[in-house]
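Q: Could you take a close look at one part of this model for me? I would like to hear about its aromatic rings and what surrounds them.

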Amino acid sequence: MITTLLYSLTGLILFAMGLFTLIIHSHPLRKILAVNVMATGIFLILVATAYIPLGQGEVDPVPHAMVLTGIVVSVSVTALALIMACRVQETSNLAILKGKKKVKNTQETET
Amino acid sequence: MIASVILPLIAGLLCFLFNRRTFIIALAATLANFLIASFLLYQFLIFGPMRCYIGGWQPPLGITLRTDGPALLMLLITAVTGFAVTLYARGYFSHRISDPVRVGRHQRQQRYFWPLWMLLLAGLNGLFLSGDIFNLYVTLEIIGISAASLAALSGKPASQRASFRYLLISLLGSLTYLLGVVFLYRSCGVLDLDLLRNFAVNGSGMHAALTLLTIGLLLKTALVPLHFWLPPAHANALAPVSVILSALVVKGSFYLLFRFWFETFASIVTTQALNFLGTLGAIAILWGAIQAIRQQRLKLMVAYSTVSQLGYLFIAFPLSKAAEGAQVWAIVIFMALTHACAKSAMFMAAGNIYLHLGHDRIKDLSGVRASLPITVFAYGIAGVSLMGLPPSGAFIAKWMLLSSSFASSQWWWPLVIVTGSLLAMVYVFRVMSRFFVILETDTLKNPVPLSPLLEWPALILALISLFLGLLAPWPLHILSRGSMTLAQTFPGGLP
Amino acid sequence: MTYSILTLFDIILVLTLLWLGWQLLSSEDIFKAVILFISFGLLMALAWVRMRAPDVALAEAALGAGLTGPLFLSALRRMNRTRKGERRLDSDENREGDEGKSSEQSQAL
Amino acid sequence: MLFLFLVFCLTVALGTILCSSSGSISGLASAVARLQEQSGVESPVTAVLLNFRGYDTLLEVMVLLLAVISVWSLTKAPVSRQKAEISPVQMGVVRLLAPVMCLVAAYLVWQGSHLAGGAFQGGAILGAAGVLLLVSELDWIRTVPAFAIRIGLILGPVVFTGTALGCLFYSGELLAYPEGMAGWLILLIETACALSIGLTLALLFGGGRPEDDVPEGDIP
């Protein structure tokens, strides 16, 4: 019983830490890390709920299946978010570059 | 029943596998999807609500799919809008590819649009039909991912930033939803919606779960304090994508929210909570409309108008105590149907104008009427439906809203509704008036005529939204049939 | 007796997890954060085993440490490259479109 | 500071609920144990994943595929800059490790029916093997034609959907495996899914679409 509670609370605190980081930090990678930590926290609560000490019966497999589904989903979303973050940086860099070029061109024509 | 999920899935797989003839596959899939939805409706009218246990496993363990009135109407409108969007997207992409500049980019967009759109459709259908709270999480995730990557398809820096934020927000929404599911499982031990209804008694665990589910879904639905991500994401996407996002994706999470509040957890919802959501809705109507009036770009204006229109959906919440059981559903479904059609037509019209002129600055829209009469006509009709003038479905919905709020003597809601309509009139006509300014010199650079695939879907959707009001008895009949059987199964009735 | 030892183990594991989580979320250096995240995943696998969920533990060890970590590292490298170089032009749009030649040149450089 | 306060309040509120309501409900463990016999596999988690709640898993496999499509729609696979020679030690390690990892993956999928393990774990190991090859500059994303990669990617979903539809026609319900066949069908689905998942994860690491995925010309 105490174990369930201990791990559930840990999961909750992890969720809260992730949420807080997600809101206040601006770096995209940090945000994605925070989302991952949040997801792990939720999974921990779910699995802790199903926990029964050894010798007192079988553990509930449904939460385990749900967590497996959740982990795979979160990995794929993480990958997508990372690539998207890279693209954000690449495209905005490109826009800056193009802007510089335009400025240069106009300066050249002016002179 | 399962076919309406599996079929788009298979179509998505095929569209991904073959990079040619994808349009044919998508067209066939959306057509078949429409037929399936109609068939399900027909079945529903004869046999009443149906259930399908996947794998033959009964609820506490297995996953249930079920049809009822609201789900079927949403399914049907998704099918209709989806069909129109498919045609429109075809016209849109071939028009863009015929343009010699940046062919590669347009081909990339077309290549990936179809599989993503098909999978999104599958996710939406799954959402409307599913009766299992964790399965709903998976469908929400499918919808969120495909919507965010569709929004990023445009490739411009602004759209990349907006869709990255969109992805994060929808991820945060699904995680909050998942936490709610965890709390529910903790206190009830089941995942099926019907079984959960029996557990819905007052208890702190249930309240916390409902709050978390609601916050998660509100994030995805973009109710006012949480709406900041919507306008940039919708306005910077490609035109067919904006249509999909604005007309369908937002409705999906709203539908779920409504279902939770008025069906599954109806017994633990308090009046204060309903009033709170209603107030947020009222703020959304006014704030969205004012922002829409202030915008300089047409697509941004339409996107803010979505924020405003979503508010009407929430204003129905506090009136539910006064209205009869099925009437709340009727108001909300009518609003959602009209908005889906009208907003798609409006975004299509905006996309056409963008294609034609190469920009969408409102102050430079003069003279469009002469070259794009059908588009302008569609825009006008869609605007009329958004304002809620008589024959449109929104008029019926607003009428029911007004009458039930007078019946319960809550005079402030009608005030907001009428003000919102007036503001809608302002932002619709502000653009309309520019269309009719006739330029003396013809300065249009782009002489390529728009294909009929671009203009007619917009007009037809606009007309549907306009005449939905005349067809009112029919959807009402479907809804009342749903709630009748609901009342039979649950003698306590809906609160 | 065993009960108390297990509880002690639980407490240590939980505290380490929380400390790692906090460190990875608040450290200045993103690279360090990613490395911490990988070790966090491995410890998490230990926690899953403790919770009698071996399936989840296997998945977490394989996915969390084996894939998510490298994903983060490669994304970090990619972002750093774009930031430092600013030369690696958008490989996507440029090569396809009218500016194909210039980007080829920049890649040859 | 405001956010800190809000998050703190949320945590405290949820924490008290966690403490007060001791999750005394047994959940679905007994239901699973009762029907375990009919599911065709011995491991309860696999039974839930692929039989009782197989529909979830089907959609989830789609989520993975969706992630690849999305990544491909965003960008091309980056060209690795340094064409430096790979040290023979690294090459040797790769040659040794990659087959071993494939073996481990196959073992995990096989053992999924009675112990811990299954498609996801096996697929993850396969994916790690693919990543290892990519890291050692064996650029198979560029050399293998895109069509073959696409076939590999949709193999799992197609086999899954195909089996589901086959069951629909055979016994009238989606994913209702015919009696006696359940174990083998599940193994078939798991194998196909593990292959696709491995490929998917490696491609996600690859970070972009192959060069020849977008066709030229207007697509009819």
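A: Happy to; here is a walk through the aromatic rings of chain B, followed by the contact with chain D. Please keep in mind that this is a predicted model.

Over all chains, the count comes to 25 aromatic pairs. One of them joins F254(B) and F314(B), whose ring centres are 5.2 Å apart with 80° between the planes, an edge-to-face arrangement. F254(B) belongs to helix α10 (residues 239–264) of chain B and F314(B) to helix α12 (residues 298–315) of chain B, so this pair ties together parts that are 60 residues apart in sequence. Both F254(B) and F314(B) are buried.

There is also an aromatic cluster, made up of F23(B), Y88(B), Y92(B), F93(B), F113(B) and W114(B). The ring of F23(B) has a charged neighbour as well: the charged end of R90(B) sits over this ring, 5.2 Å from its centre. Likewise, R111(B) lies over the face of Y112(B), 5.1 Å from the ring centre.

Helix α3 of chain B covers residues 69–98 and spans 44 Å from its first C-alpha to its last, close to the 44 Å expected for its 30 residues. Of those 30 residues, 25 are buried.

Turning to the partner chain, 61 residues of chain B touch 54 residues of chain D. Together the two chains bury about 5,300 Å², with 71% of that on carbon and sulfur atoms. On the chain B side, F16(B), W57(B) and L61(B) supply 15% of the area buried against chain D, more than any other three residues. The count of salt bridges between chain B and chain D is one: R53(D) pairs with D132(B), their closest N and O atoms being 2.7 Å apart.

Methods. Residues numbered from 1 in each chain as written. Chains lettered and ligands numbered in written order. Predicted model: local features only at pLDDT ≥ 70, side-chain atom pairs only at ≥ 80, totals over all residues. Heavy atoms only, no water. Helix = DSSP H or I, 4+ residues; strand = E, 2+ residues; numbered from the N terminus. Expected span 1.5 Å × (residues − 1). Buried < 20%, exposed > 50% of the residue type's maximum accessible area, 1.4 Å probe, protein only. Phe/Tyr/Trp six-rings, centres within 6.5 Å; stacked < 30°, edge-to-face > 60°. Lys NZ or Arg CZ within 6 Å of the ring centre and 35° of its normal. Contact = heavy atoms within 4.5 Å. Buried area = accessible area lost by both parts, 1.4 Å probe. Salt bridge = Lys/Arg side-chain N within 4 Å of Asp/Glu carboxyl O.
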